[in-house]
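Trainee: I would be grateful for a close look at one part of this protein, the surroundings of a single tryptophan side chain in its interior. Please set that part in the context of the whole chain afterwards.

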Amino acid sequence: MALVDMRDLLLHAYRNKYAVGAFDLVSLDFLEAIIAAAERRRAPVILSLAESHFEHYDFELVMAATVAAARRTRVPVAIHFDHGASLESAVRAINLGCTGVMVDAATLPLEDNIAATRAVVEMARGCGVPVEGELGYVAGVEGEDAGKHPGEIVYTVPAEAADYVRRTGVDFLAVSIGTVHGRLHGEPRLDFERLAAINERLGIPLVIHGGTGLSDAQFRALIGRGVAKINYYTALADAAAASVRARAAADPRAGYTGLVQDVRAAIAAEVERCTELWGAAGRADEVLAAARPWREVEHLIVYNVAEGARERVPDIMREGREVLATIPGVRRVFTGDAVTPDAKYRHCWLVRFAGEAVIPTYRDHPAHRAFADSWFRPVAGDRISIDYIAVEGGAPGVADDGNGVT
């Protein structure tokens, strides 16, 4: 289990002057290649899923695979939701397992950007999830992602960045200093003075969107001025496509598996090159020692209902599954009945939280209170509950006294 707190991961990179790759994935080939490359280089890594790519895959299914892969890897990993379209998208991403979120409000007027981002921060804080904000605008030029980012570059203004971070409370800031989404045309001209001024004012990890096509020297200059997270996709997509074209040219009759058999190796080679260049290679053990592990909490209740209320149990369970699953940070709601006829308690709830921070958020959420007060507590006075963390490798559990929960 190497999922770690993304805030701790990026603070380690920022303080030690290296950058972690946030590699966008659009298929299992990408996921497996990124993980394999990070493990070979012993590098911390961020698995990034952008809402702008949802047309290419089922987000819920890919998230299940991403969480499973992150849990079994041997290097520190965070799962980031990138370019979300709304607060509701961010809630869904957290409930599916993302441990960092970014909602794309950079095209809004400044005050609207601040208001939208602040709402995401307030929600995510209740889940213990860090938030990346964006100020300025990184436009697209050419390539798969370019069309999703129309218009001209708007550079981040250092004074506005300080005000934005103070008023929103974001943990990391994506800045616009001359990079573009997609492929570059010609030699990029990056405004390093602007970046240095932003870093001096903020003192938090900075993020670069549109890393494809920059030179080694430019990457080093970015990292030296506070960039700790680099979003990277177009070069991976181009490497994958080139491997398919090479296979097709070598064997025009090749089938699907024949055409894609080199895709993972091509992506992994580019990820390895980046982690080495950006200084993340060989940092895995340092980060594992410094970063808090990301651990889900399970809220378990066993209960009996009052005489005369047994026929209502299926309706109570159905209502609870529908209502409680919408609360930010609730990963899943299970309900069940005892198997053995002589069990002391006849029914149970198992509510999986994204992390320990969700316990008070869930307890105080209006939807939980309304359900508990109107549906559950009036008929289920005989109950006990516990909030616990699964014990893996000697990690302690967290007990709850049962007050104020469903």
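Mentor: In this predicted model, Trp 278 touches Tyr 18, Ala 19, Val 20, Gly 21 and Phe 23, and, further along the chain, Phe 219, Ile 223, Ile 230 and Tyr 232. That list leaves out residues up to four places away in sequence.

Trp 278 belongs to the largest nonpolar core, which has 103 residues. Together with Leu 173, Trp 278 is named as having the most contacts inside that core. The element that gives the most to this core is helix H2, residues 28-41, with seven residues. Apart from it lies another core, of 19 residues, which includes Ala 13, Tyr 18, Ala 22 and Ile 46. Tyr 18 is therefore a member of that other core, although Tyr 18 is also among the residues that Trp 278 touches. In soluble globular proteins, nonpolar side chains tend to be buried together.

The stretch around Tyr 18 deserves attention as well. Lys 17 is placed in the loop between helix H1 (6-15) and strand E1 (20-24). The phi of Lys 17 is near 55°, a positive value in a residue other than glycine. Lys 17 is exposed, because its relative accessible area of 59% lies over the 50% cut-off. A second non-glycine residue with positive phi is His 83, at about 50°. His 83 is found in strand E3, residues 77-84. With a relative accessible area of 10%, His 83 is buried, whereas Lys 17 is exposed.

The context of the whole chain follows. The protein contains 15 helices and 14 strands. Of its 406 residues, 53% are buried. Among contacts with a separation of 6 or more, 73% are accounted for by residues 24 or more positions apart. The radius of gyration is 23 Å, which agrees with the value near 22 Å that a compact globule of 406 residues would have. Taken along the principal axes, the C-alpha atoms fill a box of roughly 75 × 55 × 40 Å.

At the surface, the accessible area comes to about 17300 Å², and carbon and sulfur atoms hold 52% of it. As for charge, there are 43 positive and 55 negative side chains. The centres of these two sets lie 3 Å apart.

Note on methods: Residues numbered from 1 in each chain as written. Predicted model: local features only at pLDDT ≥ 70, side-chain atom pairs only at ≥ 80, totals over all residues. Heavy atoms only, no water. Core = buried A, V, L, I, M, F, W, Y, C linked by side-chain atoms within 4.5 Å. Buried < 20%, exposed > 50% of the residue type's maximum accessible area, 1.4 Å probe, protein only. Helix = DSSP H or I, 4+ residues; strand = E, 2+ residues; numbered from the N terminus. Contact = heavy atoms within 4.5 Å. Rg over C-alpha atoms; globule rule 2.2 N^0.38 Å. Areas by Shrake-Rupley, 256 points an atom, 1.4 Å probe, with all protein chains shown as cover. Lys, Arg positive; Asp, Glu negative; His and termini not counted. Charge placed at Lys NZ, Arg CZ, Asp CG, Glu CD.
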